[in-house]
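Me: I'd like a close look at one spot in this model, and then whatever surrounds it. Here's the thing itself:

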Amino acid sequence: MKQETVPRTWPGDIYQVFKRLKVAQVAYVPDAGHTQLILDCQGDPEMTAVSLTTEQEGVAMLSGAWLGGNRGALLMQSSGAGNCINMLSLAQECRFPLLMLITMRGEWGEFNPWQLAMGQSTQRVLEHSGCVVQRVDKAEEVGEVVFAAGQMAFSTNRAVAVLIGQRIVGFKDWSK
Amino acid sequence: MMAAEQNVSGTLDRRDVVGRILERRGDALVVTGLGSSCYDAGVHDHPNTFYLWGAMGAAAMMGLGLALAQPARRVVVITGDGEMLMGLGSLATIGAQKPENLAIVVIDNELYAETGMQATHTARGVDLAVMAKGAGFTLAETVRSEHDLERAIAALYETRGTVFLDVKVTSQRYPMSIRLRDGAHIKNRFRENLLGQAAFD
């Protein structure tokens, strides 16, 4: 990861937004960008954080959560978006609300060529699968964008994905 | 052309099995997988049943989300062997999470009945109950006889923890039972019945 001059506060901002939105179930496939947020959610007695084997499980799980009256959020890296394509038919056909927070790879200073295929197509894949996609590229705007996306998801019963730009998340310096 | 007879190991009748499970549902919440399991459960339609008509592989994980949201209610997932095989990772996720109120019943005819009766992996020796046991389910077993079925249904509703039943059934196919297939309607009906006015918050 690049050296940061200021402490990273946006994961904490997302956690505070989860509290405002009354998110009770957080499903995730671990990602370096979401490390702190996952820890915060695991430590919160009002949240259940569930580690998945594949991202599509989270789409189904949070649909079940909504059936039972819980709000949820799904955390993943951009490489996981493609794993969700057919499962997103569940959200589209049933109008399940779905809030997805996706940390981007393959778009800003990426060193690993294998990340490009999915990173460069994440937005289009999600849009073609019926999701509303919103991007955030400034760390100080992450909380605001996630709150707006959450309100849209839970108030209009839609799948809404927030793409958190790789420029915010940071990249590995491959020059050394 | 579809084969007239299929050589499968099960002797139980799928509609009879699902009927006997559902007649004891009480206030349990039910999620079905797509295809025959949906039609079997549809014979006993109830607003506390959510029917999947697609999203193959979703049933078990929908059950987990529902079980976590409604810890005081028993959640029963009824699905097929093909659908379960497409979501095998869910067994590991559920085994790791260990909800106390989730049961999965696989109506295992060892066939992909909807697509032309092709054999699934369970016809070739793959043991789903052993996989569930390995994932950490509290109770996991294969049910082959009437006698075992009675006992297993009781355990399904009474066991505190995670239950997995792989019920071996014949290759008998039945017609679709319900016409209700609009996903948003099935969801709204379920939520309104379960949550009342809070469904619209």
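Which residue in β2(A) is the bridge partner of Ala27(A)?

Reply: It's Val50(A) that bridges to Ala27(A) from β2(A). Quick housekeeping: residues count from 1 along each chain as its sequence is written, while chains get letters from A and ligands numbers from 1 in the order they're written. The model is predicted, with local features needing pLDDT of at least 70, side-chain atom pairs counting only at pLDDT 80 or more, and totals for chains, interfaces and linings using all residues; side-chain values use heavy atoms, leaving out hydrogens and water.

Now zoom out a bit. β1 of chain A (residues 23-28) runs parallel to β2(A), and four bridges join them. (Strands are DSSP E runs of at least two residues, helices H or I runs of at least four, numbered from the N terminus; strands pair if DSSP finds at least two bridges between them.) The pair belongs to an open, parallel sheet of six strands in chain A, ordered β2-β1-β3-β4-β6-β5. β2 (48-51) and β5 (132-136) of chain A each have a single partner strand, so one side of each has no neighbour in the sheet. From one strand to the next, the twist averages 20 degrees. Angles here run from 0 to 180 degrees between N-to-C directions of axes fitted to C-alpha atoms, for helices over the stretch in contact.

Helices pack on this sheet too. α1 of chain A (residues 10-21) touches β1, β3 (71-77), β4 (98-103) and β6 (159-164) of chain A, at about 175 degrees to β4(A); contact means heavy atoms within 4.5 Å. α2 of chain A (residues 35-42) lies across β1, β2 and β3 of chain A, at about 135 degrees to β1(A).

As for rings, the whole structure has four aromatic pairs over all chains. (Phe, Tyr and Trp rings, the six-membered one for Trp, pair with centres within 6.5 Å; planes under 30 degrees apart are stacked, over 60 edge-to-face, the rest tilted.) One of them is Trp66(A) with Phe154(A): centres 6.2 Å apart and planes at 25 degrees, so it's stacked. That links α3 (residues 55-67) to α7 (residues 142-156) of chain A, the two residues being 88 apart. Both Trp66(A) and Phe154(A) are buried, meaning under 20% relative accessible area, versus over 50% for exposed and in between for partly exposed (1.4 Å probe, protein chains only). Arg191(B) sits over the face of Trp66(A), 3.9 Å from the ring centre; that label needs Lys NZ or Arg CZ within 6 Å of the centre and within 35 degrees of the ring normal.
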